[in-house]
Amino acid sequence: MHCINVVPSDRKVIVIAKVLLVEDTPSLARVYAEYLKKAAFAVETVETGAAALDALGDTVPQVVLLDLQLPDMNGMEILKHVSGQQIPTAVVVITAHASVNLAVEAMRYGAYDFVVKPFTADRLLVTVRNAVERLRLAQIVDTFTDELARSKFHGFIGSSFPMQAVYRIIDSAAASRATVFITGESGTGKEVCAEAIHRQSPRRDKPFVAINCGAIPKELMESEIFGHVKGAFTGAVAEREGAAARADGGTLFLDEICEMELGLQTKLLRFIQTGTFQKVGGTRMEKVDLRILCATNRDPLREVEENRFREDLYYRLHVIPIHLPPLREREDDVLDIARQFLIDYAAEEGKGFSHFHPAVEEVLRHYQWPGNVRQLQNVIRNVVVLHDGTEVTAAMLPPPLNQHSALQLQSPHRYAAPPEEVPAPRGLGSPDPGAQVLEPQGGHAALAEPRPIRPLWLVEKEAIEEAIAACDGNIPRAAALLGISASTIYRKRMAWEAEGRA
């Protein structure tokens, strides 16, 4: 028998969570349900194990209150079913036949709590509320863990913190119709980002049409976007659909939007506002339903200030901004991307490459990559095409990476920055600038007195913070110069803050 207790609508009580009560004694079931109903829980009551399994198959409650003594089966079988199927619910076992062995077995199969009959309303409500909160926190942790564990996202490769932030924005923005304005240096993957938004959106089965506004002659740009009729201009021998019509129902991506001339920007603004356009040389208004994404490697606000980009168009387009970090700020993503390129190009070229020599990995990790992912892609393809083997060695690297490789082999302090570029962090035994220095006979300088010994965490903190300051706040670069990962710095900073040492 199923019984659902509903809170009267005139009370306007918001239901906290759904509870499945598995109890074969009707009088007790009514009492427990009344306790829960008054606390704004929605309760479904069943009297048998079979009914409980059916209810779990229909919807998943936040909490299951499970009596172990049921007429058709032992309640432990239901607990095992929940555990085996990994059903996301918190099970609270209720029984009048308590024993240590029974409690241990219930906990072993994932029961949240074990409550012995009889119990008070307060005991029941505290237990259920705690179970709901624990389930909520577990789901948050699972979601956060899944996001941080993403090493690939559509066309992107990388699990660094900056890229996880990009993935989350794409997740949030994909379902919307809002315009997304993507910025980032050349080669950071702006078109990959646009395709990821499209593939994550409800328009994924419709066309994705991309136009590079900097690669098309200005006199042909309007025709490329809106199309033209026959005879509209010299060479227009037939009517042609533009990108706007081809992207109807889907997504139109305008790359290098800041390259568009001002006259066409006016027409684009009107198109975005109304969803209608005219083909070049035509008179008929056409209407389309599409989403616009755009990108640039310039600073769009600077373009507005210098009157090269319309301010009203900027604010119409700049609804959801996404900035793609350069490769040098993406921690060890460069190695993951390089390994994937190596596997792909080796298969494509019929070569046997499978991994990099450790010295090559150091070069890849510390090189600044001004051309970002595109430059890395070209470097790996160059290596694969011009060489053969199973391991990529430093001798195979093309310029300018081979110069960095030579520097690494010559210097015992690999990639140490010159003093004038990055000051060495103090706090690791170096003297204060103002310390008095004595010059004993023999010409060897010595400190007048030894420095006081300080806690190791403080020395470490000063070294890290000074390295970050010397790198103008660039944590990945500071981490590289200190010989640690950027995630180590993030973790240490969080620990210092938690301990009141920030």
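# Notebook: second largest pocket and two strand pairs

**Entry 1, the pocket.** I started with the second largest pocket, which holds about 500 Å³ of space. I looked up its lining next: 20 residues, with Gly187, Gly189, Val192, Val373 and Gln377 the closest to the centre. Then I asked which elements give two or more residues to this lining, and I noted β8 (156–157), α7 (190–200), α13 (333–349) and α15 (372–386). Helix α13 supplies the largest share, 4 residues. I also sorted the lining by class and found 6 nonpolar, 7 polar and 7 charged residues. A reminder to myself: this is a predicted model.

**Entry 2, the whole chain.** I stepped back to take in the chain, which has 19 helices and 21 strands. It counts 502 residues, and 42% of them are buried. For contacts between residues at least 6 apart in sequence, I noted that 67% join residues at least 24 apart. I looked up the exposed surface too: about 26,400 Å², with 53% of it supplied by carbon and sulfur atoms.

**Entry 3, β9 and β17.** Here I turned to strand β17, residues 320–323, and checked where its side chains point. They alternate: Ile320 and Ile322 point to one face and are buried, while Pro321 and His323 point to the other and are not. I then looked for a partner and found β9, residues 180–183, which runs parallel to β17 and is joined to it by 4 bridges.

**Entry 4, Thr183.** I picked one residue of β9 to follow, Thr183. It stands opposite His323 in β17. Is Thr183 buried or exposed? I count Thr183 as buried because its relative accessible area is 15%, and the cut-off for buried is under 20%. For its surroundings, I left aside neighbours within four places in sequence and listed the contacts of Thr183: Lys190, Thr296, Pro300, Ile322, His323 and Leu324. Two of these names were already in my notes on β17: Ile322 and His323. Another, Lys190, falls in α7 (190–200), one of the elements I had noted for the pocket lining.

**Entry 5, β2 and β3.** Last, I looked at strand β2, residues 18–22. It is mostly covered, with 4 of its 5 residues buried. How many bridges join β2 to strand β3? I found 5, and the two strands run parallel, with β3 spanning residues 42–46. As one facing pair to keep on file, I wrote down Leu21, which stands opposite Thr45 in β3.

Terms used
Residues numbered from 1 in each chain as written. Predicted model: local features only at pLDDT ≥ 70, side-chain atom pairs only at ≥ 80, totals over all residues. Heavy atoms only, no water. 1 Å grid on protein atoms, 1.4 Å probe; cavity = no way out; pocket = protein on both sides within 12 Å on 5 of 7 lines; lining within 4 Å. Points joined across faces, edges and corners; volume = space filled by probe spheres on them. Nonpolar A, V, L, I, M, F, W, Y, C, P; charged D, E, K, R; others polar. Buried < 20%, exposed > 50% of the residue type's maximum accessible area, 1.4 Å probe, protein only. Contact = heavy atoms within 4.5 Å. Areas by Shrake-Rupley, 256 points an atom, 1.4 Å probe, with all protein chains shown as cover. Pairing = 2+ DSSP bridges.
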